[in-house]
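Student: Hey, got a minute? I'd like to walk through this model with you before I head back to the bench.

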Amino acid sequence: MKYRVSLLPESRKKQINARNTIAKIRAVSLSVLAVLVAFAVVVVAVGIYANSQLKEVKKLDQQCITEIEQLSSYRNIHAALQERINLFDKIQVKEPALYNFIYDWSKIDHPGVSVNTIECVNWKTDRLCTISGTCSTRSEYLAYEDALGKIKGVTSVSCVSYQTNVGAGEDALATFSISVAVSGGTPVVETTAPAVTEATTAAQ
């Protein structure tokens with residue numbers, strides 16, 4: 001067996017042992033520091049990725065909001081068209097003169113005025129239409145009434161009723177009803193059967 005005998009002084013041995021201990025501690029510290037640096041790099045990378053994904057989500061969210069707003073405007077347009085179709089479907093008399101009047105009426109630009117119903121009863125004889133709706137101001141109503149009077153064939157436009165509701169928002173809208181007379185009505189001629197007498201009976 002071989003034995004190693006150190007001839008160094010005890011103080012020198014302690015210095016060497018201390019130096020070795022410090023070297024080991026430094027190596028361990030460097031390893032721990034390397035692990036912490038690697039962890040920090042991973043955290044930063046994950047944070048960058050998360051921020052990029054968040055930006056994409058926000059972008060998609062904004063696109064969805066824009067599409068929803070567009071769909072809402074399309075829904076309003078569809079509702080307005082459907083309302084106009086329903087008004088046309090309520091017209092029972094089918095003849096060219098009425099079609100012409102409705103066509104000219106539909107082209108009127110009436111900001112602030114909303115038409116709820118249009119009734120054309122006894123059109124062949126009376127040529128009368130009653131238009132009911134709402135408006136925001138009196139001036140808007142008068143402008144709409146004036147536009148009705150400019151339709152070709154209209155002979156008179158008269159206000160049946162006009163009522164302003166006290167309130168705020170939609171409750172503040174005024175309701176109106178207008179009677180429109182159009183030329184071309186055919187008066188009804190009532191005929192009675194001839195009286196049967198003894199002379200006519202004999203002639204038969």
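**Salt bridges and the rest**

Tutor: Sure, and let's start with a charged pair: the side chains of Lys-107 and Asp-104 meet in a salt bridge, 3.9 Å from N to O. Keep in mind that this is a predicted model.

Student: How exposed are Lys-107 and Asp-104?

Tutor: Lys-107 counts as exposed, at 53% relative accessibility. Asp-104 is partly exposed, with a relative accessible area of 24%.

Student: And how many salt bridges does a search of the whole structure find?

Tutor: Two. Besides the pair we just discussed, Lys-150 forms one with Asp-146, and their closest N and O atoms are 3.3 Å apart. Lys-150 is exposed at 64% relative accessible area, while Asp-146 counts as partly exposed at 44%.

Student: Why would side chains like that pair up at all?

Tutor: Side chains of opposite charge can pair when their charged atoms come close.

Student: OK, zooming out. How many helices and strands does the chain have?

Tutor: Five helices and four strands. Starting at the N terminus, the order is α-α-β-α-β-α-β-β-α.

Student: What share of the chain's residues count as buried?

Tutor: Of its 204 residues, 17% count as buried. The chain exposes about 15,700 Å², and carbon and sulfur atoms supply 60% of that.

Student: Which strand should I look at for buried residues?

Tutor: Try S4, residues 174-182. Eight of its nine residues are buried, so the strand is largely enclosed by the rest of the structure.

Student: What does S4 pair with?

Tutor: Strand S2, residues 128-135, pairs with S4 in the antiparallel sense over eight bridges. Strand S3, residues 154-164, also pairs with S4 in the antiparallel sense, over nine bridges.

Student: Can you give me some residues to click on?

Tutor: For S2 and S4, take Ile-131, which stands opposite Ile-178. For S3 and S4, Gln-163 has Thr-175 as its bridge partner.

Student: What about Ser-179, is that one buried or exposed?

Tutor: Ser-179 counts as buried because its relative accessibility is 17%, and the cut-off for buried is under 20%. Ser-179 sits in strand S4. Leaving aside neighbours within four places in sequence, Ser-179 is in contact with Leu-128, Cys-129, Ser-156, Val-157, Ser-158 and Val-160.

Student: You just mentioned a cysteine. How many disulfides does the structure hold?

Tutor: One. Cys-120 and Cys-129 form it, with their sulfur atoms 2.1 Å apart. The link is right-handed, with 95° about the S-S bond. Both Cys-120 and Cys-129 are buried.

Student: So what about Cys-135, how far is its sulfur from the closest cysteine sulfur?

Tutor: That distance is 9.6 Å, to the sulfur of Cys-159, which is too far for a bond. Cys-159 is in no disulfide.

Student: Handy if I'm thinking about thiols. Where do Cys-135 and Cys-159 stand, buried or exposed?

Tutor: Cys-135 is buried, with a relative accessible area of 0%. Cys-159 is partly exposed, at 39%.

Student: Changing topic: where is Trp-105?

Tutor: Trp-105 is in helix H2, residues 96-106. At 4% relative accessibility, Trp-105 counts as buried. The C-alpha atoms of Trp-105 and Lys-152 are separated by 9.6 Å, although these two residues are 47 apart along the chain.

Student: What share of the contacts comes from residues well separated in sequence?

Tutor: Taking contacts with a separation of 6 or more, 56% are between residues 24 or more positions apart.

Student: Which residues make the nonpolar surface patch of about 370 Å²?

Tutor: Leu-30, Leu-33, Val-37 and Val-41 make that patch. Val-37, for one, lies in helix H1, residues 10-89, and is partly exposed with a relative accessible area of 47%.

Student: Last one. What is phi of Arg-127 near?

Tutor: Near 55°, a positive value in a residue other than glycine. Arg-127 is in the loop between helix H3, residues 123-126, and S2. Arg-127 is also buried, with a relative accessible area of 9%.

Notes
Residues numbered from 1 in each chain as written. Predicted model: local features only at pLDDT ≥ 70, side-chain atom pairs only at ≥ 80, totals over all residues. Heavy atoms only, no water. Buried < 20%, exposed > 50% of the residue type's maximum accessible area, 1.4 Å probe, protein only. Helix = DSSP H or I, 4+ residues; strand = E, 2+ residues; numbered from the N terminus. Pairing = 2+ DSSP bridges. Disulfide = S-S within 2.5 Å. Contact = heavy atoms within 4.5 Å. Patch = residues over 30% accessible without salt bridge, like charges linked within 9 Å, V, L, I, M, F, W, Y side chains within 5 Å. Areas by Shrake-Rupley, 256 points an atom, 1.4 Å probe, with all protein chains shown as cover. Salt bridge = Lys/Arg side-chain N within 4 Å of Asp/Glu carboxyl O.
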